[in-house]
Amino acid sequence: MDTTGRGDIFDLTGKAAVVTGGGSGLGRVICEALARYGANVVCVGRSADKLQDTLASISGRGHRNLALTADVTEPGDIEAMVRKITDEFGRIDVFFANAGIREKSFVLIHEKAVEDWDEVMNADLRAVFLQMKAVFPVMMEKERGSFITTSSVGGMWPLAQDRWVYTQTAYAVAKAGLIMLTKAAARQYGPYGIRVNSICPGYHRTPLTPADEVDAVEETIARLLPLGRPGMPEDIEGLAVWLASDASSFVTGQILIEDGGYLA
Ligand SMILES: NC(=O)c1ccc[n+]([C@@H]2O[C@H](COP(=O)([O-])OP(=O)(O)OC[C@H]3O[C@@H](n4cnc5c(N)ncnc54)[C@H](O)[C@@H]3O)[C@@H](O)[C@H]2O)c1
(Lines give C-alpha, C1' and ligand atoms only; values in the text may rest on other atoms or scores of the structure.)
Protein backbone atom coordinates (compact mmCIF):
# COMPACT_ATOMS: atom_id res chain seq x y z
CA MET A 1 0.00 0.00 0.00
CA ASP A 2 1.26 3.49 -0.84
CA THR A 3 1.47 5.41 2.43
CA THR A 4 3.41 8.41 1.05
CA GLY A 5 0.50 9.91 -0.89
CA ARG A 6 2.79 10.32 -3.88
CA GLY A 7 1.34 7.41 -5.83
CA ASP A 8 3.31 5.63 -8.53
CA ILE A 9 6.19 7.95 -9.40
CA PHE A 10 6.74 6.14 -12.72
CA ASP A 11 3.11 6.56 -13.79
CA LEU A 12 2.70 8.46 -17.07
CA THR A 13 -1.08 8.31 -17.30
CA GLY A 14 -2.49 11.26 -19.26
CA LYS A 15 0.92 12.59 -20.31
CA ALA A 16 1.54 13.51 -23.95
CA ALA A 17 4.88 11.91 -24.84
CA VAL A 18 6.55 12.40 -28.22
CA VAL A 19 9.27 10.13 -29.60
CA THR A 20 11.10 10.98 -32.83
CA GLY A 21 12.58 8.08 -34.74
CA GLY A 22 9.76 6.05 -33.17
CA GLY A 23 9.36 3.71 -36.13
CA SER A 24 12.36 1.50 -35.37
CA GLY A 25 15.14 0.51 -33.00
CA LEU A 26 15.42 2.33 -29.69
CA GLY A 27 12.59 4.74 -30.56
CA ARG A 28 10.12 1.91 -31.01
CA VAL A 29 10.83 0.32 -27.64
CA ILE A 30 10.72 3.74 -25.98
CA CYS A 31 7.22 4.26 -27.48
CA GLU A 32 6.18 0.84 -26.20
CA ALA A 33 7.56 1.46 -22.71
CA LEU A 34 5.96 4.92 -22.36
CA ALA A 35 2.61 3.50 -23.51
CA ARG A 36 2.90 0.66 -21.01
CA TYR A 37 3.28 3.24 -18.23
CA GLY A 38 0.15 5.06 -19.41
CA ALA A 39 1.32 7.87 -21.72
CA ASN A 40 -0.46 9.04 -24.83
CA VAL A 41 2.35 8.43 -27.31
CA VAL A 42 3.08 10.45 -30.43
CA CYS A 43 5.34 8.44 -32.68
CA VAL A 44 7.26 10.57 -35.19
CA GLY A 45 9.39 9.54 -38.16
CA ARG A 46 9.84 9.58 -41.91
CA SER A 47 8.27 6.24 -42.82
CA ALA A 48 4.48 6.05 -42.38
CA ASP A 49 4.57 2.23 -42.60
CA LYS A 50 7.10 1.85 -39.80
CA LEU A 51 5.18 4.32 -37.62
CA GLN A 52 2.00 2.30 -38.15
CA ASP A 53 3.84 -0.84 -37.00
CA THR A 54 4.84 0.91 -33.78
CA LEU A 55 1.32 2.24 -33.33
CA ALA A 56 -0.10 -1.27 -33.78
CA SER A 57 2.24 -2.57 -31.07
CA ILE A 58 1.01 0.02 -28.53
CA SER A 59 -2.68 0.22 -29.41
CA GLY A 60 -5.44 -1.25 -27.29
CA ARG A 61 -4.23 0.26 -24.03
CA GLY A 62 -7.18 2.61 -23.70
CA HIS A 63 -5.30 5.82 -24.42
CA ARG A 64 -4.77 8.02 -27.47
CA ASN A 65 -1.69 7.44 -29.60
CA LEU A 66 -0.73 9.22 -32.77
CA ALA A 67 1.65 8.61 -35.69
CA LEU A 68 3.05 11.71 -37.39
CA THR A 69 5.25 11.73 -40.46
CA ALA A 70 7.97 14.38 -40.26
CA ASP A 71 11.58 14.94 -41.25
CA VAL A 72 13.15 16.49 -38.16
CA THR A 73 15.81 18.28 -40.20
CA GLU A 74 13.02 20.38 -41.77
CA PRO A 75 11.78 23.37 -39.70
CA GLY A 76 8.44 23.33 -41.56
CA ASP A 77 7.86 19.66 -40.71
CA ILE A 78 8.71 20.32 -37.05
CA GLU A 79 6.32 23.28 -36.84
CA ALA A 80 3.52 21.23 -38.42
CA MET A 81 4.26 18.34 -36.05
CA VAL A 82 4.13 20.55 -32.94
CA ARG A 83 0.89 22.20 -34.18
CA LYS A 84 -0.79 18.80 -34.66
CA ILE A 85 0.32 17.62 -31.23
CA THR A 86 -0.91 20.75 -29.45
CA ASP A 87 -4.19 20.62 -31.40
CA GLU A 88 -4.68 17.04 -30.21
CA PHE A 89 -3.36 17.19 -26.64
CA GLY A 90 -2.91 20.88 -25.81
CA ARG A 91 0.51 20.15 -24.30
CA ILE A 92 3.79 18.26 -24.61
CA ASP A 93 4.88 16.65 -21.35
CA VAL A 94 7.72 14.51 -22.63
CA PHE A 95 9.78 14.88 -25.80
CA PHE A 96 12.39 12.34 -26.86
CA ALA A 97 14.60 13.83 -29.59
CA ASN A 98 15.77 10.35 -30.49
CA ALA A 99 15.93 10.28 -34.31
CA GLY A 100 19.44 10.07 -35.68
CA ILE A 101 21.66 8.62 -38.36
CA ARG A 102 25.20 7.31 -38.40
CA GLU A 103 28.01 7.89 -40.84
CA LYS A 104 27.92 6.06 -44.15
CA SER A 105 31.62 6.05 -45.00
CA PHE A 106 34.36 4.80 -42.66
CA VAL A 107 37.21 6.91 -44.01
CA LEU A 108 39.79 9.26 -42.54
CA ILE A 109 38.96 12.94 -42.16
CA HIS A 110 40.85 14.07 -45.25
CA GLU A 111 38.99 11.47 -47.33
CA LYS A 112 35.53 12.35 -46.05
CA ALA A 113 33.04 13.99 -48.40
CA VAL A 114 31.80 17.35 -47.12
CA GLU A 115 28.24 16.22 -47.93
CA ASP A 116 28.62 13.22 -45.57
CA TRP A 117 29.83 15.49 -42.78
CA ASP A 118 26.96 17.94 -43.33
CA GLU A 119 24.32 15.21 -43.47
CA VAL A 120 25.31 13.78 -40.08
CA MET A 121 25.72 17.17 -38.38
CA ASN A 122 22.36 18.20 -39.76
CA ALA A 123 20.45 15.11 -38.61
CA ASP A 124 22.20 14.48 -35.28
CA LEU A 125 22.78 18.01 -33.96
CA ARG A 126 21.10 20.84 -35.90
CA ALA A 127 17.80 18.91 -35.98
CA VAL A 128 17.72 18.69 -32.17
CA PHE A 129 18.29 22.45 -31.91
CA LEU A 130 15.33 22.92 -34.27
CA GLN A 131 13.17 20.60 -32.17
CA MET A 132 14.11 22.44 -28.99
CA LYS A 133 13.20 25.79 -30.59
CA ALA A 134 9.73 24.49 -31.38
CA VAL A 135 9.03 22.41 -28.27
CA PHE A 136 10.35 24.51 -25.36
CA PRO A 137 7.77 27.33 -25.82
CA VAL A 138 4.97 24.72 -25.56
CA MET A 139 6.47 23.26 -22.38
CA MET A 140 7.05 26.76 -20.95
CA GLU A 141 3.31 27.49 -21.16
CA LYS A 142 2.67 24.65 -18.68
CA GLU A 143 5.86 25.38 -16.71
CA ARG A 144 6.87 21.74 -16.85
CA GLY A 145 8.25 19.12 -19.18
CA SER A 146 10.95 16.53 -19.71
CA PHE A 147 13.07 16.86 -22.85
CA ILE A 148 15.39 13.94 -23.55
CA THR A 149 18.07 13.71 -26.22
CA THR A 150 19.77 10.53 -27.46
CA SER A 151 23.48 11.12 -27.64
CA SER A 152 26.05 8.30 -27.75
CA VAL A 153 29.13 7.05 -25.93
CA GLY A 154 30.76 8.02 -29.23
CA GLY A 155 30.25 11.66 -28.19
CA MET A 156 32.04 11.16 -24.86
CA TRP A 157 35.30 9.40 -25.50
CA PRO A 158 37.74 8.80 -28.35
CA LEU A 159 36.35 5.78 -30.06
CA ALA A 160 37.54 2.18 -30.05
CA GLN A 161 40.41 0.87 -32.12
CA ASP A 162 38.28 -0.61 -34.84
CA ARG A 163 38.10 1.43 -38.03
CA TRP A 164 34.29 1.23 -38.27
CA VAL A 165 34.13 3.06 -34.96
CA TYR A 166 37.01 5.53 -34.91
CA THR A 167 36.27 6.89 -38.37
CA GLN A 168 32.75 7.99 -37.43
CA THR A 169 34.09 11.49 -36.86
CA ALA A 170 31.04 13.55 -37.75
CA TYR A 171 28.84 11.26 -35.63
CA ALA A 172 31.16 11.60 -32.62
CA VAL A 173 31.38 15.39 -32.99
CA ALA A 174 27.62 15.80 -33.47
CA LYS A 175 26.86 13.64 -30.42
CA ALA A 176 29.46 15.54 -28.34
CA GLY A 177 27.77 18.77 -29.44
CA LEU A 178 24.42 17.30 -28.43
CA ILE A 179 25.74 16.69 -24.92
CA MET A 180 26.66 20.39 -24.60
CA LEU A 181 23.34 21.45 -26.17
CA THR A 182 21.56 19.30 -23.56
CA LYS A 183 23.50 20.88 -20.68
CA ALA A 184 22.99 24.42 -22.01
CA ALA A 185 19.26 23.81 -22.40
CA ALA A 186 19.00 22.36 -18.88
CA ARG A 187 20.51 25.59 -17.47
CA GLN A 188 18.33 27.85 -19.60
CA TYR A 189 14.99 26.09 -19.12
CA GLY A 190 15.28 24.82 -15.52
CA PRO A 191 13.70 28.07 -14.27
CA TYR A 192 10.66 27.25 -16.45
CA GLY A 193 10.21 23.84 -14.81
CA ILE A 194 11.66 21.96 -17.76
CA ARG A 195 14.18 19.17 -17.25
CA VAL A 196 16.62 18.35 -20.06
CA ASN A 197 18.73 15.18 -20.00
CA SER A 198 20.54 12.93 -22.43
CA ILE A 199 20.77 9.19 -22.73
CA CYS A 200 24.19 8.09 -23.95
CA PRO A 201 23.80 4.56 -25.30
CA GLY A 202 26.62 2.26 -26.26
CA TYR A 203 26.05 -0.23 -29.06
CA HIS A 204 22.55 -1.72 -29.27
CA ARG A 205 21.32 -4.13 -31.90
CA THR A 206 19.07 -1.94 -34.08
CA PRO A 207 18.72 -1.15 -37.80
CA LEU A 208 21.31 1.63 -37.27
CA THR A 209 23.95 -1.06 -37.85
CA PRO A 210 23.46 -2.70 -41.25
CA ALA A 211 22.77 -6.45 -41.09
CA ASP A 212 26.02 -7.39 -42.86
CA GLU A 213 28.09 -5.65 -40.16
CA VAL A 214 26.30 -6.93 -37.08
CA ASP A 215 28.33 -10.12 -36.51
CA ALA A 216 31.70 -8.38 -36.70
CA VAL A 217 30.56 -5.49 -34.55
CA GLU A 218 29.07 -7.73 -31.88
CA GLU A 219 32.17 -9.90 -31.73
CA THR A 220 34.15 -6.75 -30.90
CA ILE A 221 31.52 -5.58 -28.43
CA ALA A 222 31.59 -8.89 -26.56
CA ARG A 223 35.36 -8.46 -26.08
CA LEU A 224 35.15 -4.82 -24.99
CA LEU A 225 32.22 -4.80 -22.59
CA PRO A 226 32.29 -5.96 -18.97
CA LEU A 227 28.78 -7.31 -19.47
CA GLY A 228 30.06 -9.32 -22.44
CA ARG A 229 27.00 -8.99 -24.64
CA PRO A 230 25.54 -6.47 -27.08
CA GLY A 231 22.84 -4.10 -25.90
CA MET A 232 19.29 -4.93 -26.99
CA PRO A 233 16.74 -2.16 -27.65
CA GLU A 234 14.78 -3.22 -24.55
CA ASP A 235 17.79 -2.41 -22.37
CA ILE A 236 17.01 1.30 -22.71
CA GLU A 237 13.41 1.12 -21.47
CA GLY A 238 14.02 1.63 -17.75
CA LEU A 239 16.11 4.75 -18.25
CA ALA A 240 13.58 6.14 -20.73
CA VAL A 241 10.61 5.71 -18.37
CA TRP A 242 12.61 7.05 -15.43
CA LEU A 243 13.63 10.23 -17.28
CA ALA A 244 10.12 10.76 -18.65
CA SER A 245 8.44 10.36 -15.26
CA ASP A 246 8.36 12.11 -11.89
CA ALA A 247 10.74 9.40 -10.65
CA SER A 248 13.54 11.67 -11.93
CA SER A 249 11.90 14.95 -10.82
CA PHE A 250 15.15 16.50 -9.47
CA VAL A 251 17.40 15.33 -12.32
CA THR A 252 18.41 17.75 -15.06
CA GLY A 253 21.45 18.48 -17.22
CA GLN A 254 22.62 14.89 -16.87
CA ILE A 255 24.24 12.61 -19.40
CA LEU A 256 23.20 9.08 -18.50
CA ILE A 257 25.44 6.38 -19.86
CA GLU A 258 23.81 3.09 -20.80
CA ASP A 259 26.57 1.06 -22.43
CA GLY A 260 27.12 -2.33 -20.77
CA GLY A 261 30.20 -0.87 -19.09
CA TYR A 262 32.05 0.28 -22.23
CA LEU A 263 33.21 3.49 -20.52
CA ALA A 264 33.62 1.91 -17.08
N1 LIG B 1 21.86 1.57 -31.80
C2 LIG B 1 22.99 2.02 -31.27
O3 LIG B 1 23.97 1.28 -31.16
C4 LIG B 1 23.10 3.45 -30.82
C5 LIG B 1 24.18 3.81 -30.00
C6 LIG B 1 24.29 5.12 -29.57
C7 LIG B 1 23.35 6.05 -29.94
N8 LIG B 1 22.31 5.68 -30.75
C9 LIG B 1 21.35 6.71 -31.12
O10 LIG B 1 20.05 6.29 -30.83
C11 LIG B 1 19.12 6.92 -31.67
C12 LIG B 1 18.18 5.89 -32.26
O13 LIG B 1 18.95 5.02 -33.10
P14 LIG B 1 18.57 3.48 -33.37
O15 LIG B 1 19.72 2.68 -32.96
O16 LIG B 1 17.24 3.18 -32.82
O17 LIG B 1 18.58 3.47 -34.97
P18 LIG B 1 17.39 3.30 -36.01
O19 LIG B 1 18.00 3.56 -37.33
O20 LIG B 1 16.68 2.03 -35.79
O21 LIG B 1 16.40 4.47 -35.61
C22 LIG B 1 16.61 5.82 -35.95
C23 LIG B 1 15.30 6.34 -36.46
O24 LIG B 1 15.42 7.74 -36.70
C25 LIG B 1 14.76 8.03 -37.91
N26 LIG B 1 15.30 9.25 -38.49
C27 LIG B 1 16.57 9.48 -38.90
N28 LIG B 1 16.66 10.72 -39.41
C29 LIG B 1 15.43 11.27 -39.33
C30 LIG B 1 14.88 12.51 -39.72
N31 LIG B 1 15.64 13.45 -40.33
N32 LIG B 1 13.58 12.75 -39.47
C33 LIG B 1 12.81 11.82 -38.87
N34 LIG B 1 13.26 10.61 -38.51
C35 LIG B 1 14.56 10.34 -38.74
C36 LIG B 1 15.05 6.81 -38.79
O37 LIG B 1 14.16 6.71 -39.86
C38 LIG B 1 14.89 5.68 -37.78
O39 LIG B 1 13.55 5.26 -37.68
C40 LIG B 1 19.95 7.68 -32.72
O41 LIG B 1 20.02 9.04 -32.38
C42 LIG B 1 21.30 7.01 -32.61
O43 LIG B 1 22.36 7.86 -33.00
C44 LIG B 1 22.16 4.41 -31.17
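This section describes the ligand shell, an aromatic cluster, helix 8 and several single residues in a predicted model.

The ligand makes a good place to begin. It is surrounded by 26 residues, and the closest are Leu-26, Asn-98, Tyr-171, His-204 and Thr-206. By class, this shell is made up of 10 nonpolar, 12 polar and four charged residues. Helix 1 and helix 6 (169-189) each contribute at least two residues to the shell. Several short polar distances can be listed one by one. A backbone N or O atom of Leu-26 lies 2.7 Å from an oxygen atom of the ligand, and a polar backbone atom of Asn-98 is found 2.8 Å from a ligand oxygen. For Tyr-171 the side chain is involved, with one of its N or O atoms 2.7 Å from an oxygen atom of the ligand. The ligand taken alone exposes 820 Å², and the protein buries 93% of that area.

Attention turns next to the aromatic side chains. The count of aromatic pairs comes to four. In one of them, Phe-136 and Phe-147, the ring centres are 5.1 Å apart and the planes meet at 50°; because this angle lies between the 30 degrees below which a pair is stacked and the 60 above which it is edge-to-face, the pair is tilted. Phe-136 belongs to helix 4 (residues 114-142) and Phe-147 to strand 5, so that the pair links distant parts of the chain, 11 residues apart. Both rings are on covered residues: the relative accessible area of Phe-136 is 2%, under the 20% limit, and therefore Phe-136 is buried, while Phe-147, at 0% relative accessibility, counts as buried too. Phe-136 also pairs with Tyr-189, and here the arrangement is stacked, with 4.0 Å from centre to centre and 25° between the planes. This second pair links helix 4, home of Phe-136, with helix 6, which holds Tyr-189, across 53 residues of the chain. Tyr-189, like Phe-136, is buried. Taken together, Phe-95, Phe-136, Phe-147, Tyr-189 and Tyr-192 form one aromatic cluster.

Helix 4 offers a further residue worth a look, Met-139. Its relative accessibility is 0%, and Met-139 therefore counts as buried. Beyond its neighbours within four places in sequence, Met-139 is in contact with two members of the aromatic cluster named above, Phe-95 and Phe-147. Its other contacts are Ile-92, Asp-93, Val-94, Arg-144, Gly-145, Ser-146 and Ile-194. Val-94 is 45 residues from Met-139 in sequence, yet their C-alpha atoms are 8.8 Å apart in space. In the loop between helix 4 and strand 5 sits Glu-143. Glu-143 has a positive phi of about 55°, although it is not a glycine. With a relative accessibility of 59%, over the 50% limit, Glu-143 counts as exposed.

Helix 8 (residues 237-244) is mostly covered, with six of its eight residues buried. The buried ones are Glu-237, Leu-239, Ala-240, Val-241, Leu-243 and Ala-244. Their packing partners are one helix and several strands: helix 1 (25-36), strand 4 (94-97), strand 5 (145-150), strand 6 (194-201) and strand 7 (255-258). Helix 1 thus appears both here and among the elements that supply the ligand shell.

Two further residues complete the description. Asn-40 has its place in strand 2 (residues 40-45). At 7% relative accessibility, Asn-40 counts as buried, because buried means under 20%. Apart from neighbours within four places in sequence, Asn-40 is in contact with Gly-14, Lys-15, Ala-16, Ala-17, His-63, Arg-64, Asn-65 and Phe-89. Gln-52, in turn, is found in helix 2 (residues 48-58). The relative accessible area of Gln-52 is 45%, which lies between the 20% and 50% limits, and so Gln-52 is partly exposed. Gln-52 and Asp-8 are 44 residues apart along the chain, and 30 Å separates their C-alpha atoms.

Note on methods: Residues numbered from 1 in each chain as written. Predicted model: local features only at pLDDT ≥ 70, side-chain atom pairs only at ≥ 80, totals over all residues. Heavy atoms only, no water. Buried < 20%, exposed > 50% of the residue type's maximum accessible area, 1.4 Å probe, protein only. Helix = DSSP H or I, 4+ residues; strand = E, 2+ residues; numbered from the N terminus. Contact = heavy atoms within 4.5 Å. Near = heavy atom within 4 Å. Polar contact = N/O pair within 3.5 Å; in protein donor to acceptor, adjacent residues only side chain to side chain. Areas by Shrake-Rupley, 256 points an atom, 1.4 Å probe, with all protein chains shown as cover. Nonpolar A, V, L, I, M, F, W, Y, C, P; charged D, E, K, R; others polar. Phe/Tyr/Trp six-rings, centres within 6.5 Å; stacked < 30°, edge-to-face > 60°.
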